[in-house]
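Trainee: Could you walk me through this structure, one helix and its surroundings at a time?
Mentor: Gladly; let's have it in front of us.

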Amino acid sequence: MSLRQMEYLVAVVEEESFTRAAELLNVTQSALSHQIKALEREVGGPLLERRPRGIGLTPMGRAFLPHAELAVRSAVQAHRAAKAAAGAAGGELHIASLHALAVGVLPPVFARWRRAFPAVRLHLHEYATTEELRDHMERGVADVAVGPRPEGWQGPVVSLGDEEIMLITSARDPLAARTGPVTLPELADRDWVRCALEPVVEGKRWLDWVCEQGGFSPRTAVWTEHSSTAVRMAVSGLGLVAAPVHMARDVPGAVAVPVDRPWRREQTAFTRVGLTGITAAFVELCRELAFGEGRAPSGARGTARPAAHDPQSTTRPAGHSAP
């Protein structure tokens with residue numbers, strides 16, 4: 001069993017075609033088929049099956065594929081890590097993150113990176129949930145991930161700071177004129193914009209769980225698929241949304257209003273292997289820029305700051321994605 005054979009299998013699965021995989025790998029289709037058959041003989045059974053509309057995995061293939069993907073991607077990462085440790089001027093760095101963070105906090109990090117390391121190309125992998133993010137990091141998709149602290153992670157985890165979840169609303173909303181935090185009971189009669197990615201806490205959706213602490217159930221006006229859409233719906237006047245303040249930074253008319261017991265969530269950078277070379281440099285840049293002071297939108301009455309861990313705050317479990 002060779003790394004090349006596993007690379008061939010991964011390519012066939014990803015392309016769903018022997019023909020396209022052979023073109024991608026720059027080998028003949030017969031050579032590709034020969035290597036796949038040799039791999040199947042080695043493992044003791046068929047890994048692929050031809051279907052009327054492409055190529056599928058057998059049960060044995062489904063069990064084998066994650067390990068093959070990890071082996072192939074680990075080899076690629078090993079090559080990149082060696083170049084980085086040797087101070088190579090070029091190459092690429094693969095970063096995995098949640099879509100909400102990719103939209104809200106990573107653009108200035110990437111911009112600064114390009115000025116400092118113009119020869120190193122960045123490749124961003126975006127995921128909707130923390131479960132997807134962790135799964136793909138375990139499979140070796142990226143060199144480093146940026147997201148909530150992964151529970152039980154075996155590799156290095158570096159804290160980047162805490163982000164504060166605030167109420168995002170329109171400048172026309174009476175709450176926008178508030179000079180101080182809002183208490184939960186004041187929100188009992190308000191409409192809310194909700195996101196399908198809202199996590200579950202103690203068997204309940206996060207906002208339901210939070211509002212229960214204030215003695216009411218949230219009145220949902222709109223459900224959305226993504227937090228960036230939810231923010232824009234809230235700014236249009238459809239209701240309040242609870243979201244990281246960075247999600248509203250570039251939305252005209254958005255106002256961030258703090259609550260009296262701040263909602264905080266730690267963000268981290270985590271890797272499968274030790275931080276070296278350009279990976280360590282990227283993590284340090286994230287620590288400097290991602291959750292710095294004064295990052296609330298221009299219309300905000302309150303400013304989200306990296307918060308000290310406050311036992312009185314309402315903190316979301318670290319393993320969940322943003323609403």
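Mentor: First, a definition: helices (H or I, at least four residues) and strands (E, at least two) are DSSP runs, numbered from the N terminus, and the expected span of a helix is 1.5 Å times one less than its number of residues. This is a predicted model, where local features need pLDDT of at least 70, side-chain atom pairs count only at pLDDT 80 or more, and totals for chains, interfaces and linings use all residues. Residues are numbered from 1 along each chain as its sequence is written, and side-chain values use heavy atoms, leaving out hydrogens and water.

Trainee: How far apart are the end C-alpha atoms of helix α10?
Mentor: Helix α10 covers residues 277-289, which is 13 residues. At 1.5 Å a residue it should span 18 Å, and the model agrees, with its end C-alpha atoms separated by 19 Å.

Trainee: Within what arc do the buried residues of α10 fall?
Mentor: Buried means under 20% relative accessible area, with exposed over 50% and partly exposed in between (1.4 Å probe, protein chains only). In α10 the buried residues are I278, T279, F282, V283, L285, C286 and L289. They line one face of the helix, because the directions from the helix axis to their C-beta atoms fall within an arc of 160 degrees.

Trainee: Which element gives the most to the largest nonpolar core?
Mentor: Such a core is a set of buried Ala, Val, Leu, Ile, Met, Phe, Trp, Tyr and Cys residues joined through side-chain atoms within 4.5 Å. The largest has 24 residues, and L93, I95, W113 and F282 have the most contacts inside it. With six residues, the top contributor is α10.
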